[in-house]
Amino acid sequence: MNVVIYLRVSSEQQAERQLSIPAQQEALLKYAADHSWNVIQHYVDQARSAKTDERADFQRMIVDAQKPERQFQAILVHKYDRFSRNRSDHVIYKALLKKQGVFVFSATEPLEPDTPHGMLLEGMLEVISEFYNVNLTFETLKGMRENASQGFHCGGRAPFGYRNVRTGSKVNYGLGPEEEVKIIRQIFSMAADGYGGKKIVRFLNQQDIPIGRKWSPSTVLSILSNEAYLGHRVWNKKSEVRGHKNPREEWIITENSHPALVEPNLWIAAQASLMSRKQQAK
């Protein structure tokens, strides 16, 4: 029987452990040889999560499986969660492949997929995999919430004017280059003096501050609304799961978590001026 193998890792950490692509490949080739299967192609997705089906080689494999000239009868994976961690995706794609006469086998979770017993066990594995994925998401969010409540960074680049500084396993904001710090203070001073976003942008771009950077009104307004410049760490503005903006009462705000670039009086003056301009524009 001709088979193809599908290999996937979702992170560098997995790549460094026994789930690395070479480790999966070695195990799958041995399994195929032990069953006298002929491996005719490899599909590989590096650093791609199985929470979604938006994986380039996974989709290419599905398309190839539906071609009339297809030369393989099965897909071999290390574990079923390499194929998908989303139960609905797993069921949909398995059913689609089955219509084409293509079955999915796991080298470490051997089942007879076309028997009632095999279907039951595979369904249980799908549920366990999806539970692991959902539980991991909530555990990660719990860790991020605790990290944020202590005033530490939860990922991503530091705002303009700051740099990420690591202390042990924790990351916080440290002062960036002096030029950037001066620019931040100048932006807030101009806003406090009644300048709108477009005028501030025009000034910065005309002065070429800093050299080579092009500013936009949205960037400037984002800076002016970022409480990080007061020395506050704000997390959970946006839902990590659903993607929508959370009400302020759900934000986690840790004051004095890092050096402030803007004094409270200047911040208040800038916000008052911006609010006044906004009301006048109505």
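How many helices and strands does the secondary structure of the protein come to? The count is 10 helices and 8 strands, where helices (H or I, at least four residues) and strands (E, at least two) are DSSP runs, numbered from the N terminus. This is a predicted model, so local features need pLDDT of at least 70 and side-chain atom pairs count only at pLDDT 80 or more, while totals for chains, interfaces and linings use all residues. Residues are numbered from 1 along each chain as its sequence is written, and side-chain values use heavy atoms, with hydrogens and water left out.

**The whole protein**

- Of the 282 residues, 40% count as buried; here buried means under 20% relative accessible area, exposed means over 50%, and partly exposed is in between (1.4 Å probe, protein chains only).
- The protein exposes about 16,200 Å², and carbon and sulfur atoms supply 53% of that. Accessible areas come from the Shrake-Rupley method with a 1.4 Å probe, and for residues only the protein chains shown count as cover.
- Take the contacts with a separation of 6 or more: residues 24 or more positions apart account for 62% of them. A contact means heavy atoms within 4.5 Å.

**Two buried spots: V77 and Y93**

- V77 sits in strand β3 (residues 74-77), and it is buried because its relative accessible area is 0%.
- Leaving out residues up to four places away in sequence, V77 touches Y6, L28, R82, F83, V104, F105, S106 and A107. With S106, the C-alpha atoms are separated by 4.9 Å, although the two residues are 29 apart along the chain.
- Y93 belongs to helix α5 (residues 87-99) and counts as buried, since its relative accessibility is 11%.
- Setting aside neighbours within four places in sequence, Y93 is in contact with D53, F58, Q59, I62 and F83. From Y93 to V104 it's 9.8 Å, C-alpha to C-alpha, with their positions 11 residues apart in sequence.

**Salt bridges**

- A search of the whole structure turns up 6 salt bridges, each being a side-chain nitrogen of Lys or Arg within 4 Å of a carboxyl oxygen of Asp or Glu.
- One of them joins the side chains of R163 and E180 at 2.9 Å, N to O. This pair links distant parts of the chain: R163 is in strand β5 (residues 162-167) and E180 in helix α7, 17 residues apart.
- R163 counts as partly exposed because its relative accessibility is 37%, whereas E180, at 12%, counts as buried. Beyond residues up to four places away in sequence, E180 touches F160, G161, Y162 and R163.
- Helix α7 (residues 178-192) is home to E180. E178 also forms a salt bridge with K182, with the closest N and O atoms 3.5 Å apart. These two are 4 residues apart in helix α7, so about one helical turn separates them.
- E178 counts as exposed at 58% relative accessibility, and so does K182 at 52%.
- K30 and D34 pair up too, their closest N and O atoms being 3.0 Å apart. They are 4 residues apart in helix α2 (residues 21-34), so they are separated by about one helical turn. Both K30 and D34 are exposed.

**A positive patch**

- K198, K199, R202 and R277 gather in a patch of positive charge on the surface. Patches are made of residues with over 30% relative accessible area and no salt bridge, with like charges joined within 9 Å and nonpolar side chains (Val, Leu, Ile, Met, Phe, Trp, Tyr) within 5 Å.
- For charges, Lys and Arg count as positive and Asp and Glu as negative, while His and the chain ends are not counted. The place of a charge is taken as NZ of Lys, CZ of Arg, CG of Asp or CD of Glu.
- Helix α8 (residues 197-206) gives the most to this patch, with 3 residues. R202 has its place in helix α8 and counts as partly exposed, at 46% relative accessibility.
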